[in-house]
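Good morning, and thank you for coming. I would like to take you through one protein chain, beginning with a group of annotated residues and then moving outwards.

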Amino acid sequence: MTTLRIADGRVLRPDHTVERADVLVDQASGEILAVEPEGEGRASADDRLDAEGSLVIPGLVNAHTHVAMTLLRGYADDKPLDAWLQEDIWPVEAELTAEDVRAGARLGILEMIRSGTTAFADMYFFMPEVVAAVEESGMRALLGYGAITVGNDDEAAHQEMRDGLDFAEGYDGAADGRVSTAFMPHSLTTVGEDYLREYVPEAREAGIPIHFHANETAGEVDPLVADHDERPLEYADDIGMLADTSFLAHGVHTDRTEHELLAERDTAVIHCPASNMKLASGMAPVQAMRDRGVTVGLGTDGAASNNDLSLFDEMRDAAMLGKLAADDASAVAADAVVEMATQGGAEALGLASGRLEAGANADLAVLDLDQPHLTPDHDLVSHLTYAASGSDVRHTVCDGQVLMRDRTVQTLDEQAVLADARERAQALIDRAES
Ligand SMILES: [Zn+2]
């Protein structure tokens with residue numbers, strides 16, 4: 001057994017209290033051995049991370065993104081979802097190569113490691129490239145191929161769904177178990193009903209989790225209601241898409257009936273506040289969902305609609321937007337937001353992460369508290385939600401391995417990742433615009 005001690009810091013416990021303690025990690029199993037309060041006998045460890053003057057938190061979980069879209073960051077902004085997708089994003093995505101996706105995934109993972117994220121859920125294309133980037137970077141991820149049938153003929157549509165299932169079955173457990181997979185039909189409007197009815201039961205029977213976009217815009221909800229004479233999530237449930245292993249992105253335009261259904265099925269919602277604001281999609285009723293017992297996680301969505309992958313920005317946005325949506329300053333409070341970014345996301349993805357306690361995955365981040373914007377320290381949970389930034393993260397640990405030590409990423413060559421991403425992003429745009 002090789003051990004790692006995260007020493008002399010203050011540790012955020014699962015109940016959101018903070019205590020002075022060390023975190024002892026078994027690097028072979030990738031699990032936390034103990035959280036040892038000050039004064040207890042402290043055996044030596046093989047490696048040590050200094051956490052003096054710092055806060056040790058569970059690694060953040062980015063529970064919905066399209067990581068390779070980092071290559072499109074800042075390419076097209078300030079447009080509504082439909083026009084943005086059709087005029088800007090889809091034409092560029094049509095030119096994407098496997099090598100581009102690898103470069104974009106590396107860039108996004110580098111950004112996430114540097115901002116304290118240790119797990120993410122990704123829906124995109126060329127997913128074996130994302131698996132490879134996860135493997136080399138040391139991150140944890142739940143991955144799926146985003147299957148779309150609209151615009152495809154019947155044969156191509158079946159192939160999309162088959163590709164989604166094949167990826168999920170073929171790559172589950174990759175990267176020494178750090179990769180898990182899901183079947184990811186893109187959304188309730190971009191995949192036809194016949195295809196959902198054929199392939200969703202197959203995924204369920206094989207025990208494969210399901211992830212999809214739902215109820216993101218009013219323009220998407222209204223036709224579904226008109227066509228099916230029921231709410232979109234009632235339609236999804238009728239097809240068998242809601243289960244305790246399922247999680248959906250957005251849930252902006254959802255009503256009480258749908259919240260009760262989500263709670264009953266134990267299906268998590270991934271809230272993406274920055275994307276919802278930037279695309280003017282609407283305000284998700286996060287407090288109402290939590291009040292009904294729905295598990296809520298946080299996601300950045302793709303970098304092109306955010307435009308960064310820092311969960312700290314997402315936490316602040318979630319708190320602010322949640323209050324506005326509920327018309328109540330006490331709604332979506334700081335501790336609820338921290339829970340969403342850690343335990344909520346981990347639960348949605350089926351991970352034993354998001355909690356600093358013995359037996360949990362050793363996925364954590366260490367934040368430097370010795371900074372003007374984090375002083376004084378009346379309430380560190382408040383700071384996490386309202387004042388901290390990704391750049392405050394000193395060390396990042398995933399599966400017991402140190403991915404970043406004193407702001408230096410250990411698993412990726414940072415300058416090479418940036419140079420490759422710049423070059424590929426430019427060539428991609430040149431191809432799309434030629
Ligand atoms: Zn998305």
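Is D301 buried or exposed? The model before you is a predicted one, and in it D301 has a relative accessibility of 5%. Buried means under 20% relative accessible area, so D301 counts as buried. This residue is found in the loop between β14 (296-298) and α11 (311-326). Leaving out residues up to four places away in sequence, D301 touches H64, T65, H66, H213, E216, H250, C272, S275 and L309. Please keep H64, H66 and H213 in mind, since these contacts of D301 also appear in the annotation to which I now turn.

The UniProt record, an unreviewed entry, gives the annotation "binding site" to H64, H66, H213 and D301. These residues are spread over 238 residues of sequence, yet they cluster in space, with a largest C-alpha distance of 11.9 Å. From this set, H66, H213 and D301 belong to the lining of the largest pocket.

Let us take H64. It is placed in strand β6, which covers residues 60-65. Its relative accessible area is 0%, and H64 is therefore buried. Beyond residues up to four places away in sequence, H64 touches a number of others, including A121, H211, H213, C272 and D301. Its side chain also makes a polar contact with the side chain of H66, at 3.3 Å.

What does the side chain of H213 make a polar contact with? The partner is the side chain of H64, at 3.0 Å. H213 itself lies in strand β11, residues 211-214, and counts as buried at 6% relative accessibility. Among the residues that H213 touches, apart from those up to four places away in sequence, are H66, M123, H186, H250 and D301.

UniProt, again in an unreviewed entry, also places the feature "binding site" at E93, H186, E216 and D301. The lining of the largest pocket includes E93, H186, E216 and D301. Of these, I shall describe E93. This residue sits in helix α1, residues 81-93, and with a relative accessible area of 12% it is buried. Its contacts, not counting residues up to four places away in sequence, are M69, L72, Y124 and F125.

H250 has already been named as a contact of D301, and it leads us to N276. The side chain of N276 makes a polar contact with the side chain of H250, at 3.1 Å. N276 belongs to helix α9, residues 273-278, and it counts as buried, at 0% relative accessibility. Besides H250, N276 touches V252, H271, S281 and G282, again not counting residues up to four places away in sequence.

For a contrast, please look at T245. It is located in the loop between α7 (232-239) and β12 (247-250). With a relative accessible area of 35%, T245 is partly exposed. Leaving aside neighbours within four places in sequence, T245 is in contact with P209 and I210. Its C-alpha atom is separated by 32 Å from that of V409, which is 164 residues away along the chain.

I turn now to the wider framework. UniProt lists residues 55-402 as "domain: Amidohydrolase-related", also in an unreviewed entry. Over residues 55-402 the chain is 44% helix and 17% strand, and the end C-alpha atoms are 16 Å apart.

Why is strand β5, residues 54-58, described as largely enclosed by the rest of the structure? The reason is that five of its five residues are buried. β5 pairs with strand β15 (residues 364-368) in the antiparallel sense, over five bridges. With strand β1 (residues 3-12), β5 runs parallel, and two bridges join them. L55 illustrates both pairings: R10 stands opposite L55 in β5, and L367 is the bridge partner of L55 in β15.

Finally, consider helix α2, residues 98-114. This helix has 17 residues and reaches 24 Å from its first C-alpha to its last, close to the 24 Å expected at 1.5 Å a residue. Because 13 of the 17 residues of α2 are buried, the helix is largely enclosed by the rest of the structure. Just after α2 comes G116, which takes a positive phi of about 80°.

To close, let us return to where we began: D301, buried at 5% relative accessibility, is named in the set with H64, H66 and H213 and in the set with E93, H186 and E216. Thank you for your attention.

Conventions
Residues are numbered from 1 along each chain as its sequence is written. This is a predicted model: local features need pLDDT of at least 70, side-chain atom pairs count only at pLDDT 80 or more; totals for chains, interfaces and linings use all residues. Side-chain values use heavy atoms; hydrogens and water are left out. UniProt positions are given in the numbering used here, feature names are shortened, and annotations may be inferred rather than shown by experiment. Helices (H or I, at least four residues) and strands (E, at least two) are DSSP runs, numbered from the N terminus. On a 1 Å grid over the protein atoms alone, a cavity is a set of points where a 1.4 Å probe fits but cannot get out, and a pocket is an open set with protein on both sides within 12 Å along at least five of seven lines; lining residues have an atom within 4 Å of a point. Buried means under 20% relative accessible area, exposed over 50%, partly exposed in between (1.4 Å probe, protein chains only). Contact means heavy atoms within 4.5 Å. A polar contact is a pair of N or O atoms within 3.5 Å; within protein, one must be able to donate a hydrogen and the other to accept it, and residues adjacent in sequence count only if both atoms are side-chain atoms. Two strands pair if DSSP finds at least two bridges between them. The expected span of a helix is 1.5 Å times one less than its number of residues.
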